[in-house]
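Here are some short exercises to help you find your way around a new structure. Have a look at the view below, try each task yourself, and then follow the solution.

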Amino acid sequence: MMAHAMGADALALVTQSLIIPVYKNRDSIPRLVAALERLDRELDHDLEVILVVDGSPDDSAPLLRAALRQGSLRGRLDRKSTRLNSSHQIISYAVFCLKKK
């Protein structure tokens, strides 16, 4: 599910994509979002963030969804129903998400 209301044209202009797996990160969401916004500014707003929330039992997904709506980040929040158990699976899933754009 796309969490930020950016048009396809805006995302097409981005050349930097960052993939972040999220699991039980509720307490670190504000710091994560602040760091990503700083990085985006440093990259002249050339950053797209893909947050893969994989079965996290806490409220990380709603917090990230709200942060993407309210902030300046371009990105997407994708939720999986079962935990991805390896970095390879997470990267493969993120590449799949990028191809869906």
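**Exercise 1.** Find out how confident the predictor is along the chain.

*Solution.* Start with the average: pLDDT, the predictor's confidence in each residue from 0 to 100, has a mean of 77 over the chain, and 66% of the residues score at least 70. Next, look at the extremes: helix H2 (residues 29-42) is highest at 92, while helix H1 (residues 8-12) is lowest at a mean of 50. Finally, pLDDT stays under 50 over residues 1-11. Where pLDDT is low, the predicted coordinates should not be read in detail.

This is a predicted model, in which local features need pLDDT of at least 70 and side-chain atom pairs count only at pLDDT 80 or more, while totals for chains, interfaces and linings use all residues. Residues are numbered from 1 along each chain as its sequence is written, and side-chain values use heavy atoms, without hydrogens and water.

**Exercise 2.** Work out how E1 and E2 pair and how the chain crosses between them.

*Solution.* First, the pairing (at least two bridges found by DSSP) is parallel, over 7 bridges. One bridge joins Gln16 to Leu47 in E2. Then trace the path: the chain goes from E1 through H2 to E2, a right-handed β-α-β crossover.

**Exercise 3.** Decide which residues of helix H3 (residues 60-70) are buried.

*Solution.* Buried means under 20% relative accessible area, exposed over 50%, and partly exposed in between (1.4 Å probe, protein chains only). Ser60, Ala61, Leu64, Arg65, Ala67 and Leu68 are buried. Seen down the axis of H3, these fall within an arc of 165° (using directions from the axis to the C-beta atoms), so they line one face. Arg69 and Gln70 are exposed on the face turned away.

Notes
Helices (H or I, at least four residues) and strands (E, at least two) are DSSP runs, numbered from the N terminus. Contact means heavy atoms within 4.5 Å. A crossover is right-handed if, with the strands pointing away from the viewer, the path from the first strand over the helix to the second runs clockwise.
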